[in-house]
Amino acid sequence: QSKDALTIDLSGDAATLDPHLQWDTNSYSIYRNIFDNLLTRNPAGEIVPQIAKSWKYTDDKTIEFEIHDDVTFQDGSKLTAEDVAFSINRIIDPRLKSPQLTQFDQIAKAEVTGTNKVTMTTKSAYPALLAQLVKLSIVPKAYVEKVGDQEFNAKPLGSGPYKLANWQKGVQTELEAYGNYWRVKPPFAKVAFRTVPDASTRLADLKTGKADLISGVTPDQAASMKSETAIKVLSAPTERVGYLYINAEAGPTKDVRVRQAIAYAIDRSALVDALLAGYGNPVNIVGAKPIFGYTDKVEGYAYDPKKAKALVKAAGAEGAKLEFLTSPAYNRATIEAIQQMINEVGLNVEIASSDQATFLKRRQGEPANAGSMAFGAWSCACQDADGIIFPLFRSGSIWAKYKNPQYDALVDGARVTLDKNERLAKYEQAYQILKDDVPGIGLYQAFAIYGANAKLNWTPTANEAMFVTDMSWQQ
Amino acid sequence: MEVSPSPLLTVDSLTIDIAGAHVVDDVSFTVAPGRVMALVGESGCGKSLTSYAMLGLLPPAAKRTVGRIMLENTDLARLTERQFRKARGKDISIIFQEPSASLDPLSTVGTQIAEAFRAHHGASKAEAFEKARQMLVDVGIPDPDRRLHQYPFELSGGMCQRIMISIALICGPRVLVADEPTTALDVTIQAQILDLMKKLVAERGTAIVLITHDMGVVADIADDVAVMYAGRMAEIAPVHTLFREPKHPYTALLLASVPKLDHAPKADLATIEGMVPTPSEFGVGCRFHDRCPLSTDKCRSQAPPLFDCGDGHRSACWHIDRMAEIREVGA
Amino acid sequence: MSEQKHVLEIRDVAVHFGGNGGLFGKTGAVVKAVNGVTLDIVRGETVALVGESGCGKSTLSNTIVGLQQPVAGSVKIGGEEVVGADRKKLNDIRRKVQMIFQDPALSLDPRSTIGATIGEPLIVRGVAKGKALKERVGALLQQVGLRPEHADRYPHQFSGGQRQRVVIARALALEPDLVICDEPVSALDVSVRAQILNLLVALQKRTGVSYLFVSHDLGVVRHICDRVVVMYLGRFVEIADRDTFFANPKHPYTKALMSAVPEADPEVQRSKERLILGGELPSPAMIPSGCAFHTRCPLATEICGRERPELTVRDDGARVACHHA
Amino acid sequence: MLTYAVQRLIQAVIAIFGVLTIVFVVMHFSGDPTLLLVPPDASAQMITELRHQLGFDQPLWVQYLNYLGGLIRFDFGQSVVQRIPAIDIVMSRVPYTMMLAGGAIVVAVGIGIPAGIMMATRRGGWLERVLTAIVVTGQSVPTFLSGILLIFVFAVTLRWLPTSGSGDFASLIMPSVALGALSMSTFARMTRISIIDELGKDYVRAGRARGLSMGSVVTRHVLRNAAIPVITIAALEIGNLLAGAVIVETVFAWPGIGQLAIQSIQSRDFLVVQVIVLLISFVYVLTSVAADFVYALVDPRIRLAR
Amino acid sequence: MNNALLTTRLRRVPISVMIVCLILTIIVVLAILAPYVAPVDPSKQNLLGRLKPPGFERGGITYWFGTDDLGRDLLSRTLYGAGVSLGVASLSVVVSTLVGVTLGMVAGWFRGAVEIVIMRLVDIMMSIPAILLAVLTVAVLGPGFLKLVLVLGLTRWPRYTRVAYAQTLQVANLPFIKASELAGAGAARILFRHILPNIAGPILIVATAEFGLMILMEAGLSFLGLGIQPPAASWGAIMSVGREYIERAWWIVAFPGACLFLLVFSVNVLGDWLRDQLDPRSRSR
Ligand SMILES: Nc1ncnc2c1ncn2[C@@H]1O[C@H](COP(=O)(O)OP(=O)(O)OP(=O)(O)O)[C@@H](O)[C@H]1O
Ligand SMILES: Nc1ncnc2c1ncn2[C@@H]1O[C@H](COP(=O)(O)OP(=O)(O)OP(=O)(O)O)[C@@H](O)[C@H]1O
Ligand SMILES: [Mg+2]
Ligand SMILES: [Mg+2]
């Protein structure tokens, strides 16, 4: 196929193309092709260099990066250590009001400490630092300072394989290959990311050839695509974990037996087989394989409605009303299925759906008002348990409706431990505590599912990124 | 009296049903070109329905069951809607009884008059308006240029009536059906309109069917008079004969009800006792029998046919010979 | 005559149309439909209002009952001012006055049965309801020559004359003090007309109702009225008692009117001499200077075009606005 | 006339101001966007900080005054999500919205009114039955369904039209049909009923009596008399089409205001919502003023002010 | 009323209207009796029996309408959904008609300050995106059936107001209204006895159109997670689920869709007939 262009349907437009502002999947999918990051992950999920050639910790809080010197921005100017330091300092500058600031707030500062050398200091020992830096794009200092933040957002300029050709807001973003890209030759001359919010329409686009690759395919769609020859399903297990939060601080679920009953009531494999059509793996913990800290040593709750009923009875909670918070952002069928499963063991689950903002306000607010349970699909895009169970269950965190000092000590400790094995051990213990206390239940590891033209070569990865350089037409 | 030429309009045993009753029953008359036939009768006796039937515009509730309406030799009822449309307004046109309701409230009167002309002559808008202006002058509406651009609600009742007249006359119809055309007009303008009609009759040989309650108007313009009662023809006669010598009790009593000049003001006027029967009460006999001073058993059981009394005078009464008794009652 | 007995007092009423310019500046001229008229009607009196079509009779009628706002003047019914009255006040005043409209077809609600229409004033004034109402409506229908069972029918099921009688029945239902009759009998055949006129007279004798009677039929006017007012282009040109009026009409327009009345006798009618009015018909948008009638008047002289004659009292009590009569 | 127009304009400004105020208060009342912006692992303290940076921790009236202050200078503020001026975001969608609304109006009026006329004048015929079926279908098939059905039939199966997109005339057809269908039904039925209401009147008979065909009577007289409810509906539908196209725009990937509105509401992108609301209320108020004038134009008996 | 009259009246009801009434009655009765006539619990899931076609049999139960994406019986859900859809639609239409028409007539009749206040309020209400109001009501009050009716009623009444207002402006000028005023009829009487019947045609059109629309709006809100809360069903909600499976499982949209079509059709026919009843001219046809 001599097609020189690639068209990708995304569910939405990029909110911003300034990589230091919004970080949502659609924005990320697009601007990640315009910018290079300091670090990245290889297909196996390991953290590997990108703009940084190498790095070393000088002490617990200081890390020194060596920068590639053969990288140029798309305007031809050279990428230097200045740019790297600038990028780091820019994102942590409160004046930028970056929503991503929260991910980098452990960084105190970055300085140029020699040709191609940048030294970064963190506020405390921070083992997740590298995982977070995977998300840091390098922006050209001179250009940003010249045009200002707003113009930079409209006409971004990076050192990545593609440069912005035309951004029709809400319609599509067209990129064109940057010929002098330092790593590889970009495989397509042009790439267009179209905004197609409706999944059925994206599939129709793919079928008619209007799109070559579509994101956000539902498991049911994937199942039905299998019979077609011109298109194919691409999928990859991700770090995203489907889980059920259970309020351990208020309502009927304050009783641990009720929480355990819920855990016994859920038939994970039925969920995965029927609703996910196999595009998911059951998990026992709130975490999936690709994350650091994942363990299969913690035994989960097997599906056992009898035991569940007994527990409900023991807790005297038969017919207790449980409020199941949700929003349209979450898969309705999954939620209804869970509701039914829990109802069957003698509880009375009522779904309370509201829009996402209201949902978050309740979910993150006072325990008394935070419902009895909610479904979630979590990814911190850092592939680290710290990014999952810390915010979810550490007391004081906005998501946590759970308090256990022992657990808090473990996850706090893991946060500042650089030694891998020590951290792993801590997380294993933490997961064990979570299993016993059930402030939440891991349900399954989610898959990223894409639909593609049968002639497109691409292997999606666990981090849900769409690197165009990894794609190509079959010869 | 000269022998009338062959009739232009022939209404032949027209019968109209509403809800199963013959509201108009077996009505026949003819009008020759250049003649004026006055149709008089009790309010609600079916005059307007008859006139709608002549134009093929009966309301949906009413059905013409029997009878023909001939314009010269064409049976109007046999025409297709398309052919009939071409005839309406040009061959036969009508002045409706309630003018304000019959004008489109949201079109200027000029448009409505001109439209009638353009429908048949395909004239340009300007020409048609010029013609309409002329019509307004003819019917005596002052300041025609301004009036043409006014809406019906801006005109007085009499003016609306004259607009209706203009619409009916603008194409110079061969037959004109005028349903109480001058009720809203003062006598000077009424005279002017009647003169206009007379001119049409004399110059173009238009045949007019004039429905009116004003015996003065009948006396002024009609050549023949047809008197209807409860949907039936009671009497038809040349105008002089009718006024001098009515041969139907109803006609006689009707004429007696006209206020006389010597009548004492506010003293009771003569009326006809009783009420017109409703269609459901129409019996087999004479429909006037229960109000008629001459009524006998025969009247109750048998409907009188139209008897010919000579000189074009016909009357539907079993007791034409006893008419003198009525005149005594009336006096 | 004491003031108290005046059912209706009209003072210098003027009604104009247009001028403030429609919607899209299609201003046109101001139509001075009624142009400063003054009239009193006492209890039990019938005043006829005659005049050329379009001279402002209906407009004046509408103004009296408060359906039209005058630009100047005052209208009092039973001593209460109509002009500028608010809804509530008007509603009170309207207990005393009713109107028979000129267009029966348009003044009947097509979606109400005529029984409901005639019964409406009785219901809203709390006069009758239920069975009594039905009977009252039936009686009214009978009085105007219709039948009680007609009460269930809708306006479109009636003939023109029948509709006119419905309108009359509605106006008479409340037995008001004053009835404005705008051409009440023009669509009726002579025998029904006689019946209605008898009814009006009987009612007057019984209740002392006053009528303002707009009509073109001078025979009817002569029969029913006590006083005659002649209107020409928005002004009164002659006011006289009936007998004086018919015996000795004075204004040239009145004379022309009289001569145009058709006689209900073909011999007489066709041999009659008529006084034909020549000249341009003036428009109410451009009322001629001086005497409005001078453009058509056989007696007109130079002064008529210059000075407007006022109504002046003549020997026999008639008031006439003419320089020469 | 002029005074009326001025009065009406002042009222319109007050109404728009009212809308802006209500929406402002109510939007803020329902929570701010900070929670939606931050990554899930953000700490409470970080959220507070960002909220402070974005200014959402100020008292409502301060935020409101700031907003008004900006408005006076024609500064509509910046989107917290996209970080560009809210007015630019909305304006970039306006052409698409106008295209789609225009297309839908063409469908709704172009089919609806003639269909209504046919249904009124051909009562009892087969044509009426067919049209009734179409009209009822238009009314009872939800847009989210009709949209996807159209795509499957005309784009995927027949390949006559593009599945989605916003580039050309071809891609405008299906969204216009899907969006206009419901309005089309309303127009058709409203036209039909208004005409039937008029057909019984005497002036129709009078029109035919002067030699006009039923068709000419309808087009020249009845339509105008029947126009007022249709005009009312038109004014309502125009507002509706502008704002109500959420689902159609989503299904056909049409980048209009409706889609933007729902996204902005959901992401609590206040200032963008405000601009959209401003635009919609502007259009709506304008059409309603226009409708009021047209009433008086169509029916000279209607006085604009009493 | 005597019997003869009754039968003649009945005989005059056209057959189409009778059929339509029958359909409506059946739908209403089934909606009310859903708990008794539904073959199975409408929220009983069976993840292994999902998306089965009509006529699918399992465990001695025949799924006449097939099953949905959670293996629930579509027939039962459609039956239960009828109640919700009908309830939401009729309640919200009744509420907004009552409020909207009254306000519109009052504004058109009294004019002046009342008119300005009401009509500007209408402008304001119409300018606020309905979806915003919906989101907010749910945010503040939480989801639920009555709140849904409230939201729909709240956002839709201005439409009726505008229609009623415009029609009142026109009708108020007709002579027969003046005549009624003269007869002494007060505002209430004129508005409800004379103006209302004469403007009922357009209002009935809006109301019947809205009736169908409300069912669809509820579906739209369900689509956004703001409508009736699962597992309760409504036709709209079932269809919005079904659209995802339109190729694989047409029956999910087809059955509730057909019911909706029938309902809207019946309401339209009935509305038209009602209007004819209010118009004596077409009634005596
Ligand atoms: N649409 C209708 N439905 C039922 N009855 C009707 C209808 N139209 C007319 N009628 C009845 O038919 C009869 C004749 O009506 P028509 O209008 O012909 O009377 P008319 O002689 O013109 O009376 P008028 O002198 O009062 O105008 C009347 O009794 C009337 O009540
Ligand atoms: N609503 C209106 N707008 C503008 N002009 C009007 C309006 N109503 C009446 N006129 C004008 O006022 C003048 C008087 O009309 P009015 O209806 O009072 O006459 P009238 O004396 O009742 O005549 P008729 O005997 O023909 O009914 C006429 O020139 C008419 O055109
Ligand atoms: Mg008649
Ligand atoms: Mg008049």
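Reader: Hello! What does the secondary structure of chain D come to?

Author: The count for chain D is 14 helices and zero strands, where a helix is a DSSP run of H or I with at least four residues and a strand a run of E with at least two, both numbered from the N terminus. From the N terminus on, its elements read α-α-α-α-α-α-α-α-α-α-α-α-α-α. You are looking at a predicted model, in which local features need pLDDT of at least 70, side-chain atom pairs count only at pLDDT 80 or more, and totals for chains, interfaces and linings use all residues. Residues are numbered from 1 along each chain as its sequence is written, chains are lettered from A and ligands numbered from 1 in the order in which they are written, and side-chain values use heavy atoms, with hydrogens and water left out.

Reader: Which parts of chain D are called "transmembrane region", and where does that name come from?

Author: The name is a UniProt annotation from an unreviewed entry, and it covers residues 12-31, 98-118, 130-157, 169-188, 230-255 and 275-298 of chain D. UniProt positions follow the numbering used here, feature names are shortened, and such annotations may be inferred rather than shown by experiment. The model lets us look at two of these spans: residues 12-31 are 90% helix and 0% strand, with end C-alpha atoms 29 Å apart. Residues 98-118 are 100% helix and 0% strand, and their end C-alpha atoms also lie 29 Å apart. Taken along the principal axes, the C-alpha atoms of chain D fill a box of roughly 80 × 60 × 30 Å.

Reader: Now to the metals. What makes two residues of chain C the protein donors of the magnesium ion, ligand 4?

Author: Their distances do: C:Ser58 (OG) and C:Gln102 (OE1) lie 1.8 to 2.2 Å from the ion. Donors are N, O and S atoms within 2.8 Å of the metal (3.2 Å for Na, K and Ca), so both atoms qualify; water is not among the atoms, and sites may look incomplete. The two donors are 44 residues apart, with C:Ser58 in helix H1 (residues 57-64) of chain C and C:Gln102 in the loop between strand E6 (97-100) and helix H3 (114-124) of chain C.

Reader: Why is C:Gln102 called buried and C:Ser58 partly exposed?

Author: Buried means under 20% relative accessible area, exposed over 50%, and partly exposed in between (1.4 Å probe, protein chains only). C:Gln102 has 18%, so the residue counts as buried, while C:Ser58 has 21% and is therefore partly exposed.

Reader: Which residues coordinate the other magnesium ion, ligand 3?

Author: B:Ser48 (OG) and B:Gln97 (OE1) do, at 1.8 to 2.2 Å. B:Ser48 belongs to helix H1 (residues 47-55) of chain B, and B:Gln97, 49 residues apart from it, to the loop between strand E6 (92-95) and helix H3 (99-102) of chain B. Both B:Ser48 and B:Gln97 are buried.

Reader: Why is the site of ligand 1 called shared?

Author: Residues from chains B and C surround ligand 1, so the site is shared between chains. A residue is near a molecule or strand if one of its heavy atoms lies within 4 Å of it. By that rule 20 residues are around ligand 1, and B:Gly44, B:Ser48, B:Gln97, C:Ser159 and C:Gly161 come nearest.

Reader: What makes the link between ligand 1 and B:His213 a polar contact?

Author: A polar contact is a pair of N or O atoms within 3.5 Å; within protein, one must be able to donate a hydrogen and the other to accept it, and residues adjacent in sequence count only if both atoms are side-chain atoms. A polar side-chain atom of B:His213 is 3.1 Å from an oxygen atom of ligand 1, which fits. A backbone N or O atom of B:Leu49 is 2.8 Å from an oxygen atom of the ligand.

Reader: Where does ligand 2 lie, and which of its 23 surrounding residues come nearest?

Author: Ligand 2 lies between chains B and C, and B:Glu154, B:Gly158, C:Gly54, C:Ser58 and C:Thr59 come nearest. An oxygen atom of ligand 2 is 2.6 Å from a backbone N or O atom of C:Gly54, and a polar side-chain atom of C:Ser58 is 2.5 Å from an oxygen atom of the ligand.

Reader: How do you know that strands E8 and E9 of chain A pair?

Author: Two strands pair if DSSP finds at least two bridges between them. E8 (residues 162-168) and E9 (residues 172-177) of chain A have six, in the antiparallel sense. A:Gln168 stands opposite A:Gln172 in E9(A).
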